[in-house]
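Here's a walk through the fold, starting with how helices sit on sheets and ending with a few backbone oddities. Keep the 3D view open as you read.

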Amino acid sequence: MPDYQPVPITLDPIETASAGELRALQEERLRDTVRHAYANSPHYRAAFDEIGVRPADIGGLDDLGSLPFTTKEDLRRGYPFGMFAVPREQVARIHASSGTTGQSTVVGYTAGDLRTWAKLMARSLRAAGARPGQLLHNAYGYGLFTGGLGVHAGAEELGCTVVPVSGGMTERQVRLIADFRPDIITATPTYMLAIADEMERQGIDPAGTSLKVGVFGAEPWTDELRRTLEERLALHAVDIYGLSEVIGPGVAQECLETKDGLHIWEDHFYPEIVDPASGATVPDGQFGELVFTSLTKQAMPVLRYRTGDLTRLLPGTARPMRRMEKITGRTDDMIILRGVNIFPTQIEELLLRQPALAPHFQCVRGKDGPLDTLTVTTEPAAGVSPETAADAGRELADRIKNTIGVTVAVEIVPAGSVERSAGKMRRVVDHR
């Protein structure tokens, strides 16, 4: 276990506010956001008018359920600038999704939005254990993806020295880590595995670097993978959550002192959990789909945005604000195989208990006549013989059958064959 203990810091007043103080601020900001969205966003004006709701009807959080949901499809229909609530000339920056699963979604930020985002990212990095003056190696992708620039601005706001490496060029990443000796690294967890593999290829012990904290996000990952990363790299591995449609990274952050879920910055983003099928709100503590309403965004406010991420809300611990449990999967990543719901994170958890297998894997969907099939493709761990890996693969298939309740094939492929990514890992490949 890493022994790094960050210097104690003073929290922002809102991070220690009472429940009543926080709720009063949320309700004031909600009313302002609703009025702003109705007055300036054609999409929200039409959505409100369709159901007969006016801004004056939204007096507080108890009225939130009377508002319509916002979906990714709404953002796609609004492409490129139809969701903006300020003139395009007042938008200081634009980000967008890759569009690999459909029409790209576009988000915009005023100069004020960018300042808010930087402050929230600084708060997140501080909660993760980063401190002013430390060196931060940023391996999130720059460009239209929000990860790289979001982390960069927050790290500078906190007072860190930023190394803006971006994703890719893994050999160079390792050399810069060895030469610059950063304290903090930010990346997707699966890309951190690829960096650790490259360290070993170059003869560098991943546990012997200067890294103290890894802030990992942009894809679901398990506590099993946390343990793997912490043991292999001798650093603290903490989760960060965000999504472009809401603002980017910095919506919620796991605190280093507890590592027990992500505290949501509820002064800026109000969370709900709904039943994915019915859309009905469920109580805190129950699993469902995460929904967010932005409370301070100007260029592109979102009301009751359905994220597709599955989790539950829990009471605060390191901060009074509520936590969200680590994302267990996404509604669009769920695999239904012979009536059983499977998420890649379930496969990851079981795979990481097999030391003879590498942590790199993909779930490949196929067909056998009329029946759907699922093959888990993975690799041997370093130094493991093909025979030992094959035995571990058969054991993994048995564990999946006994734990999840479905029969899958496990294919062991040569080391380096499973797709690597410098960004979000593609866990599910559909060959049907």
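Helix 8 (residues 223–233) lies across strand 6, strand 7 and strand 8 (248–254), and its direction is at about 135° to strand 7. Bear in mind that this is a predicted model. Helix 6 does a similar job elsewhere: helix 6 lies across strand 3 (135–138), strand 4 and strand 5 (184–187), running at about 180° to strand 3.

The strands under these helices belong to one sheet. Strands 3 to 8 appear in an open sheet of nine strands, ordered 4-3-5-6-7-8-9-14-13, and its pairing is mixed. Strand 4 and strand 13 (313–314) are at the edges with a single partner strand each, so one side of each has no neighbour in the sheet. As a reminder, strands in a sheet pair through backbone hydrogen bonds, in either a parallel or an antiparallel way. For a parallel example, look at strand 6 (residues 213–217) and strand 7 (residues 236–243), which are paired over five bridges. One spot to click on is V215, whose bridge partner in strand 7 is V238.

There's also an open sheet of four strands, in the order 10-11-12-15, and here the pairing is antiparallel. Its edge strands are strand 10 (269–274) and strand 15 (329–330), each pairing on one side only. Strand 15 is joined to strand 12 (residues 305–311) by two bridges, with the two strands running antiparallel. Across that pairing, L310 stands opposite G329 of strand 15.

Back to helix 6, this time for its helix neighbour. How do helix 6 and helix 7 cross? The axes of helix 6 (residues 170–180) and helix 7 (residues 189–201) come within 9 Å, with a crossing angle of roughly 75°. Angles of 65 to 115 degrees count as roughly perpendicular, and therefore that label fits helix 6 and helix 7. On the helix 6 side, the contact is made by T170, E171, Q173, V174 and I177; helix 7 brings Y191, A194, I195, E198, M199 and R201. Sorted by class, that contact has six nonpolar, two polar and three charged residues.

Now the aromatics. The model has five aromatic pairs, and two of them are tabulated here.

| Pair | Centre to centre | Angle between planes | Arrangement |
|---|---|---|---|
| Y38 and F48 | 5.7 Å | 40° | tilted |
| Y109 and W117 | 4.9 Å | 10° | stacked |

Y38 is in helix 1 (residues 19–40) and F48 is in helix 2 (residues 42–51), ten residues apart. Are the rings' owners buried or exposed? Y38 and F48 are buried, and Y109 and W117 are both buried too.

Finally, some backbone oddities in the loops. Y79 and P80 are joined by a cis peptide bond, with omega at about 0°. P80 is in the loop between helix 3 (72–77) and strand 1 (93–96).

The loop between strand 4 and helix 6 is worth a look as well. S166 is in this loop, and strand 4 covers 161–163. S166 isn't a glycine, yet its phi is positive, at about 70°. M169 is in the loop between strand 4 and helix 6 too, and its phi is near 50°, again positive in a residue other than glycine. What about exposure? S166 has 17% relative accessibility and so counts as buried, while M169, with a relative accessible area of 47%, is partly exposed.

Conventions: Residues numbered from 1 in each chain as written. Predicted model: local features only at pLDDT ≥ 70, side-chain atom pairs only at ≥ 80, totals over all residues. Heavy atoms only, no water. Axes fitted to C-alpha atoms, helices over the stretch in contact; angles between N-to-C directions. Parallel < 35°, antiparallel > 145°, perpendicular 65-115°, else oblique. Contact = heavy atoms within 4.5 Å. Nonpolar A, V, L, I, M, F, W, Y, C, P; charged D, E, K, R; others polar. Buried < 20%, exposed > 50% of the residue type's maximum accessible area, 1.4 Å probe, protein only. Pairing = 2+ DSSP bridges. Phe/Tyr/Trp six-rings, centres within 6.5 Å; stacked < 30°, edge-to-face > 60°.
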